Structure formats: structure tokens, C-alpha cells
Amino acid sequence: IGEAPLERDKNYERGLKLKIKSLMLEDNFNFIGKVINKDLSRYYQSHDLFIHLSKTGSLDKTLLEAMSCGMNVLSSNDAARRFLPSELIFDENNTQELADKIEKTSRENFREQLREYVVKNHHLPALLDKIGGIINGATFRDNKILVSGYTYVDGGTLKTFDYYPGVINFLLPKSWPLKGGKSTYLAPKKANVYRTKAFFTHSNYPIVGGLFKGFMPVFPLELIRQKPDVVFSASELNLLTTFYQGIFAK
């Protein structure tokens, strides 16, 4: 499941398909393509094992999604070593180890244990407790919060925060194109929304790829103007845009 967004990814996909064909294993593989998030659970729940090879430098949400849907998982991600049993960790360069562990997990069931970990450590109440601890026990309404990132340029998503009792402001792109420019979100005009020019609106740029996606140069100026107590950067962890915001926020 998934879509290859960059040309190098498409080349990798073509190479995989050619290798599968050369080994006459077409009946064992199904390339479904892009599936929207709300439809993913039925794919997770109808399969037995999720093999995770992602190297993002941080915990990957797809691994947690699979665990929460009751799948056995195997992972070579360094971040997964902190919480997965050793029986479910493998060296990405050791194909024999992976094969042995696939066979072993077919006889053992870690599903209940894995789902319990996600429920305990990654559900919303636990997140709120962690955030509350970070701001030293102060109530949310006592803190002025700035949310920055293209994620909330959708007015419908922004309505989530209409019920927040404290001071919360947003720094958002004036507009955000979707699906290659076929449609565009316009940031809502609200008293607590500051709209500005954002650069790098997709992930297919030469050399830099998507590293600067959603870059808003005025971010440090808004920090000076608003003087927030808490900054929430709603960008992907591995972007230089997020790093830029984190440096100035700190």
C-alpha cells in the first residue's frame, strides 16, 4: 500500500516489480497503491504480519497503526528497539534473520501485547498528561500557545480549537495547494489566525526534495510579536522547516 511520490521512489518501485517478475512471484505480491487513512484499518486487520523497514530517524506512525489494529510486527527501525521485544527486531541487512523471524511469529502471538503498548503510551489522554508535565503542571488556559504549520490551513480542522478556553494563535500559509494544484485551501480569516506566505508546497523539488515544505520565514518575527509560552510546530519531524521553527522557539 502506498504511492511513490518522487522519481527515485518510482524507480525503486519499478525495480521491485521487475525483481518479483523475474522470480515468478507475482501471485505473492499485490501493489494496491494509495489508500486514504480512514480506510487503512481494514487492511491492517485482515492481515497477520507487518514488516517495518522505515528509516525516518524517529518512530513511524504506520508501525503503531499496525500494532493498534492487532497485527504482529517485525521492525528494523532503531526507534522500535526501545519498546519492541527482541524477538520482533531484525537487522535490515540480514535476510536470513528476517526469514527466521517471519516463520517464528507465525507460531507466536504478540498481538495483544503490542496493542496494549499503543493504548497505554500513545492514546490522547497520555499525550495530554505529557504536555501538561512539560509545562510544569500549569493549566493550559494559563499559557499562550502558538500553532505553526500548513496542517491547520483547512478551516474545518481549525474548528477543533474553537472550544479551547485559553489563548491560542495560529501562523498559517495564506493558501496551500493540494493534489498538484488541482485544489487549494485558503487559511480562514479569524482574529487568532495570522496568514503569511509559505514556500515549498510539495515534496518533489530538485536536490532538496521536501525538506523545506511549508517554510514560513516570518516565524521568528511572530515569536517576538506574540511571545507565546508554548509553540506547537505542526510539521513533519524530519523537515528542515521544523528544525528552523524549533531553533527559534528554543
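Here is a walk through this predicted model, from the whole chain down to a couple of odd backbone spots.

Let's start with the overall picture. The chain folds into nine helices and eight strands, and its C-alpha trace spans about 60 × 40 × 30 Å along the principal axes. Of the 250 residues, 34% are buried. If you take the contacts with a sequence separation of 6 or more, 49% of them join residues that sit 24 or more positions apart.

Now find strand E1, residues 49-52. Its side chains alternate: Phe50 and His52 are buried and point to one face, whereas Leu49 and Ile51 point to the other face and are not buried. E1 pairs with E2 in the parallel sense, over four bridges, and across from Ile51 in E2 you'll find Leu74.

Phe50 leads us straight into the largest nonpolar core. That core has 23 residues, and the ones touching the most other members are Tyr44, Phe50, Leu63, Met67, Val73, Leu84 and Leu114. Who supplies it? At least two residues each come from helix H2 (41-45), helix H3 (61-68), strand E2 (72-75) and helix H5 (111-122). H3 is the top contributor, giving four residues. Tyr44 is a nice one to click on: setting aside neighbours within four places in sequence, this residue contacts Phe50, Thr62, Glu65, Ala66, Cys69 and Met71. There is also a second, separate core of 21 residues, with Tyr150, Leu158, Leu171 and Tyr244 among its members.

Next, look for the open sheet. Four strands line up in the order E7-E4-E3-E8, with parallel pairing. Strand E7 (193-196) and strand E8 (230-233) are at the edges and have a single partner strand each, so one side of each has no neighbour in the sheet. From one strand to the next, the twist averages 15°. Zoom in on the E7 end and you'll see strand E4 (residues 167-173) pairing with E7 in the parallel sense, over four bridges. One bridge to look at there is that of Pro173, whose partner in E7 is Thr196.

Helix H8 packs on this sheet, touching strand E3 (144-148), E4, E7 and E8, and its direction makes about 165° with that of E3. H8 has a helix partner too. A packed pair of helices is described by the angle between the axes and the distance between them. For H8 (residues 219-226) and H9 (residues 240-249), that angle is about 30° and the axes are 9 Å apart. The crossing is right-handed. On the H8 side the contact is made by Phe219, Pro220 and Leu223, and on the H9 side by Tyr244, Gln245, Phe248 and Ala249. Sorted by class, that makes six nonpolar residues, one polar and no charged ones. Tyr244 should ring a bell, as it also belongs to the second core.

Last stop: the loop between E7 and H8. Most residues other than glycine have a negative phi. Which residues in this loop go the other way? Phe200 does, with a positive phi near 60°, and this residue lies in the loop between E7 and H8. Ile207, found in that loop as well, has a positive phi of about 70°. Are these residues buried or exposed? Phe200 counts as partly exposed because its relative accessibility is 31%, while Ile207 is exposed, with a relative accessible area of 90%.

Terms used
Residues numbered from 1 in each chain as written. Predicted model: local features only at pLDDT ≥ 70, side-chain atom pairs only at ≥ 80, totals over all residues. Heavy atoms only, no water. Axes fitted to C-alpha atoms, helices over the stretch in contact; angles between N-to-C directions. Left-handed = near helix turned anticlockwise from the far one by under 90°. Contact = heavy atoms within 4.5 Å. Nonpolar A, V, L, I, M, F, W, Y, C, P; charged D, E, K, R; others polar. Pairing = 2+ DSSP bridges. Core = buried A, V, L, I, M, F, W, Y, C linked by side-chain atoms within 4.5 Å. Buried < 20%, exposed > 50% of the residue type's maximum accessible area, 1.4 Å probe, protein only.
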